[in-house]
Amino acid sequence: TGDVVCLGESLAVFVPDAEEPGRYLLTIGGAESNVARHLARAGLPVRWVGAVGEDDLGRAVLDHLRASGVDVAAVRVDPERPTGLYVKEPDAGGSRMRYYRSGSAASALGPDFLATLDLTTARLVHLTGITAALSPSCRALLRTAMDPGRRRSSPLVSFDVNWRPVLWRDQDARVLTELANAADVVFVGEDEAEALWGTGDPDRVRALLPAPTTVVVKQGARGATLVEGGTAVFQPALAVDVVEPVGAGDAFAAGFLAATLAGAEPAHRLRAGHLLAAATLCSREDVGDPLPADRVAALLAADAATWA
Ligand code: KDG
C-alpha cells in the first residue's frame with residue numbers, strides 16, 4: 001500500500017481541433033502528471049505535486065487532474081507567475097511542440113518545496129529530466145529529491161530521462177546522467193540515449209547507468225528492452241497507426257510502473273507499458289482515451305507469437 005507521487009510541471013496544452021483547422025482545444029499535459037493520470041485510471045492512489053499559477057489555465061489543470069482521480073492537494077498555487085503551456089502545432093512530421101513556460105510557476109520551485117510534501121506514505125516517486133531543464137532551482141529540487149545518499153528503494157524512485165533539447169538549449173545536460181544513476185528505475189528512449197551518450201544500445205546504456213536496479217531502453221516502434229542486473233529482456237511494441245506520438249513515453253512508463261508495483265515479471269511489465277502507449281499513440285492528446293476492449297484484443301491477437 002501507499003501512494004505514488006509524481007513531481008514535475010503540469011501544463012495547459014493546446015491541440016489542433018481535427019474538425020476545424022486553425023482551431024485549438026485546451027487539454028492538459030506535462031510528463032509527470034500524464035503518468036499520474038494513467039496510474040489513477042489504473043486504480044492506483046496517486047498524487048501530482050508541482051506548481052501552477054493562480055489563473056484560468058492553472059484552474060483547468062487542477063480541475064482536470066482532480067476529475068481524473070489524481071490528488072492535487074499539495075500543489076503550490078503561485079499568485080505571481082503563470083501556469084506553463086505548450087501548443088502542439090501541426091507539422092509535416094506530425095506535430096511540433098512549442099513551449100510557453102519560461103518564468104512559469106513551476107520553474108520557480110526549488111528544494112524548499114520538498115519540505116511541504118509528506119513522502120512517508122509514498123511507495124514510488126516518479127520524476128523526469130524535464131524538471132532539471134526548467135531552471136537552476138528546479139534542478140536543485142530534483143537533485144535533492146534524488147540525493148544518492150537517500151536509502152534506495154524506500155520509496156522507489158523512477159526517472160524518465162525525457163531529453164528535451166529545446167528546453168536545455170545551451171545548458172549542460174550532463175546532470176541527466178547523474179540523476180539517472182540516482183534512481184531505481186530509469187526510462188530512456190534509444191534516440192535520447194544516442195543524443196546524450198552516443199549510444200542507444202541497451203547493454204552500453206546499462207554500462208553508463210550501473211546504479212539503478214532497472215534500466216528500460218525504449219526502441220520506438222520496435223519495442224523496448226529492460227536490463228536488470230546483467231539480464232536483458234526485449235518485448236516488441238504493438239503495431240498501431242500513429243495519430244500523434246507525444247505522451248506515449250509517459251503512458252509506457254505508467255503501464256510499466258503499475259505492473260512493477262503489482263510485482264509482475266519483466267516481460268509482463270514491458271507489455272503493460274506497450275499497451276498503454278498504444279492507446280496514447282492513437283490520440284492527439286497527451287493521455288487520450290483507453291482503447292476499447294475489442295481493439296486491445298485485436299492488437300494482442302495480431303501479435304500472438306509474443307503476446308499470447
Ligand atoms: O511526454 C509528454 C510531455 O513532453 C508533454 O506533456 C510536455 O511535459 C512536457 C514537456 O516538457 O515536454
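## Exercises on pockets, sheets and cysteines

The largest share of the lining of the second largest pocket, 5 residues, is supplied by strand E8. The structure is a predicted model, and the exercises below work through its pockets, its cavity, one helix, its sheets and its cysteines.

### Exercise 1. The second largest pocket

Describe the volume and the lining of the second largest pocket, naming the elements and residue classes that take part.

Solution. Begin with the space itself, for which the computed volume is about 380 Å³. Next, take the wall of this second largest pocket, which is made up of 19 residues, with Tyr99, Arg101, Val166, Leu167 and Arg169 lying nearest the centre. Then assign the lining to elements: at least two residues each come from strand E8 (94-100), helix H3 (129-134) and helix H5 (165-168). Finally, sort the lining of the second largest pocket by class, which gives 9 nonpolar, 4 polar and 6 charged residues.

### Exercise 2. The largest pocket

Describe the largest pocket in the same manner, from its volume to the composition of its lining.

Solution. The largest pocket encloses about 910 Å³ of space. Its lining consists of 32 residues, and those closest to the centre are Asp191, Lys218, Pro245, Ala248 and Gly249. Two or more lining residues are given by each of helix H7 (190-197), strand E13 (223-228), helix H9 (248-261) and helix H10 (266-281). Divided by class, the lining of the largest pocket holds 17 nonpolar, 8 polar and 7 charged residues.

### Exercise 3. The cavity and helix H1

How many cavities of 30 Å³ or more does the structure hold, and which element gives the largest share of the lining of the largest cavity?

Solution. The count of cavities at or above 30 Å³ is 1, and the volume of the largest cavity is about 100 Å³. Around it stand 15 lining residues, of which Gly30, Ala31, Met97, Ile130 and Arg164 are the closest to the centre. Two elements, H1 and E8, give two or more residues to this lining, and the largest share, 3 residues, comes from H1. By class, the lining of the largest cavity has 7 nonpolar, 2 polar and 6 charged residues.

The remaining step is to look at helix H1 (residues 31-41) itself, which is mostly covered, with 10 of its 11 residues buried. Among the buried residues of H1 are Ala31, Glu32, Arg37 and His38. After H1 comes glycine 43, which has a positive phi near 90 degrees.

### Exercise 4. The two open sheets

Work out the strand order of the sheet of 8 strands and of the sheet of 4 strands, and identify which strands stand at the edges.

Solution. In the open sheet of 8 strands, the order is E4-E1-E9-E10-E11-E12-E13-E14, and the pairing is mixed. Strand E4 (46-49) and strand E14 (231-236) are the edges, because each has a single partner strand and one side of each is therefore left without a neighbour in the sheet. Ignoring direction, neighbouring strands here are turned by 15 degrees against each other on average. To follow one pair in detail, note that strand E1 (residues 3-7) and E4 run parallel and share 4 bridges, and that valine 4 has valine 46 in E4 as its bridge partner.

The open sheet of 4 strands is ordered E3-E2-E7-E8, again with mixed pairing. Strand E3 (24-29) and E8 are its edge strands, each pairing on one side only, and the twist from one strand to the next averages 30 degrees. Within this sheet, strand E2 (residues 11-16) is joined to E3 by 6 bridges in the antiparallel sense; proline 16, for example, has tyrosine 24 in E3 as its bridge partner.

### Exercise 5. Cysteines 6 and 138

Why is cysteine 138 in no disulfide with cysteine 6, and are these cysteines buried or exposed?

Solution. A disulfide is a covalent bond between the sulfur atoms of two cysteines. The cut-off required for this step is that the two sulfur atoms lie within 2.5 Å. The closest cysteine sulfur to that of cysteine 138 belongs to cysteine 6 and is 16 Å away, which is too far for a bond. The count of disulfides accordingly comes to 0. As for exposure, the cut-off for buried is under 20% relative accessible area: cysteine 6, at 0%, is buried, and cysteine 138, at 1%, also counts as buried.

Notes: Residues numbered from 1 in each chain as written. Predicted model: local features only at pLDDT ≥ 70, side-chain atom pairs only at ≥ 80, totals over all residues. Heavy atoms only, no water. 1 Å grid on protein atoms, 1.4 Å probe; cavity = no way out; pocket = protein on both sides within 12 Å on 5 of 7 lines; lining within 4 Å. Points joined across faces, edges and corners; volume = space filled by probe spheres on them. Nonpolar A, V, L, I, M, F, W, Y, C, P; charged D, E, K, R; others polar. Buried < 20%, exposed > 50% of the residue type's maximum accessible area, 1.4 Å probe, protein only. Pairing = 2+ DSSP bridges. Axes fitted to C-alpha atoms, helices over the stretch in contact; angles between N-to-C directions.
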